[in-house]
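This briefing goes through one structure by topic. The sequence and the coordinates come first, and the points to check against them follow.

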Amino acid sequence: MTHAAAATVVRKQIVVEAPIERAFTAFTERFGDFKPAEHNLLSVPIAETVFEPRAGGHIVDRGSDGTECRWARVLVYEPPQRVVFSWDIGPTWQVETEPGRTSEVEVRFTAETPERTRVELEHRHLDRHGPSWEAVADGVGHDQGWPLYLSRYADLLMQNSQPADLAGLGDVAVASTLPHST
């Protein structure tokens, strides 16, 4: 793969001490609990972020005033192994309505043991965003992009001492955060 082709993909991964089903469920059903509130395209605060659990669904931010921002389309939903969604946010951090100018995020869940899961995130086709696609790559690859999401996801899984916050997730903890490649 050439350097230019490699630059159009951002890859991050983490290993969590959780069965694969719990790791997948936490990522999809609790996405709004680890998505940073400041990552907001609405003109009002986000009241909730909903990950619609099906191919053809969306990831939707709902504002405190009831407005909605559908910033991703769920392309593949295969619990508990993987989910793929579009990234419909362009280089100017506005919603992109042309599907051919959006990128894709694939998240794979692989059981390393019955109680440990590797979560691999690949944000690909970044060049589809057009002439300023590097701004998207820099944003999602930066510490405040996918690394922040995965860190907050890991923190959510570690909150096993607060069962009310983890309804149905059981006892889980993070094993380690792995170095990433871009």
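The protein chain of this predicted model holds five helices and eight strands. Along the sequence these elements are arranged as α-β-α-α-β-β-β-β-β-β-α-α-β. Mean pLDDT for the protein chain is 88, with 84% of its residues at 70 or more.

**Chain totals**

- The protein chain has 182 residues, and 43% of them count as buried.
- About 8800 Å² of the protein chain is exposed, and 50% of that area comes from carbon and sulfur atoms.
- Among contacts in the protein chain with a separation of 6 or more, 53% are between residues 24 or more positions apart.

**Strand pairing**

- Strand E5 (residues 82-87) is antiparallel to strand E6 (residues 103-113), and six bridges link the two.
- Within this pairing, Val-84 has Glu-106 of E6 as its bridge partner.
- E6 also pairs with strand E7 (residues 116-124), again in the antiparallel sense, over nine bridges.
- Ala-111 is bridged to Thr-117 in E7.
- The connection from E6 to E7 is a hairpin of two residues.

**Surroundings of Val-74**

- Val-74 is part of strand E4 (residues 68-78).
- Its relative accessibility is 2%, so Val-74 counts as buried.
- Leaving aside residues up to four places away in sequence, Val-74 touches Phe-51, Glu-52, Arg-54, Ala-55, Gly-56, Gly-57, His-58, Val-83, Val-84 and Phe-85.
- One of these, Phe-51, is 23 residues from Val-74 in sequence, and the C-alpha atoms of the two are 8.3 Å apart.

**Helix H5 and an aromatic pair**

- Helix H5 (residues 146-158) has 13 residues, which at 1.5 Å a residue should span 18 Å; the C-alpha atoms at its ends are 18 Å apart, in agreement with that.
- The expected span is 1.5 Å times one less than the number of residues.
- Buried residues in H5 are Trp-146, Leu-148, Tyr-149, Leu-150, Tyr-153, Ala-154, Leu-156 and Leu-157.
- The whole structure contains 17 aromatic pairs.
- One of the pairs is Phe-31 with Tyr-149, a tilted arrangement with 6.1 Å from centre to centre and 45 degrees between the planes.
- Because Phe-31 lies in helix H3 (residues 31-34) and Tyr-149 in helix H5, this pair ties together parts 118 residues apart in sequence.
- Both partners are buried: Phe-31 has a relative accessible area of 1%, and Tyr-149 has one of 4%.

**Backbone exceptions**

- Most residues other than glycine have a negative phi, and most peptide bonds are trans.
- Pro-79 and Pro-80 are joined by a cis peptide bond with omega of about -5 degrees; Pro-80 sits in the loop between E4 and E5.
- Trp-93, in the loop between E5 and E6, is not a glycine but has a positive phi of about 60 degrees.
- With a relative accessible area of 35%, Trp-93 is partly exposed.
- His-125 also has a positive phi, near 60 degrees, and belongs to the loop between E7 and helix H4 (133-141).
- The relative accessible area of His-125 is 29%, so this residue is partly exposed.

**Where to read with care**

- Residues 161-182 have pLDDT under 50 throughout, and for them the model has 52 contacts beyond four places in sequence.
- Where pLDDT is low, predicted coordinates should not be read in detail.

Key: Residues numbered from 1 in each chain as written. Predicted model: local features only at pLDDT ≥ 70, side-chain atom pairs only at ≥ 80, totals over all residues. Heavy atoms only, no water. Helix = DSSP H or I, 4+ residues; strand = E, 2+ residues; numbered from the N terminus. Buried < 20%, exposed > 50% of the residue type's maximum accessible area, 1.4 Å probe, protein only. Phe/Tyr/Trp six-rings, centres within 6.5 Å; stacked < 30°, edge-to-face > 60°. Contact = heavy atoms within 4.5 Å. Areas by Shrake-Rupley, 256 points an atom, 1.4 Å probe, with all protein chains shown as cover. Pairing = 2+ DSSP bridges. pLDDT = per-residue confidence, 0-100.
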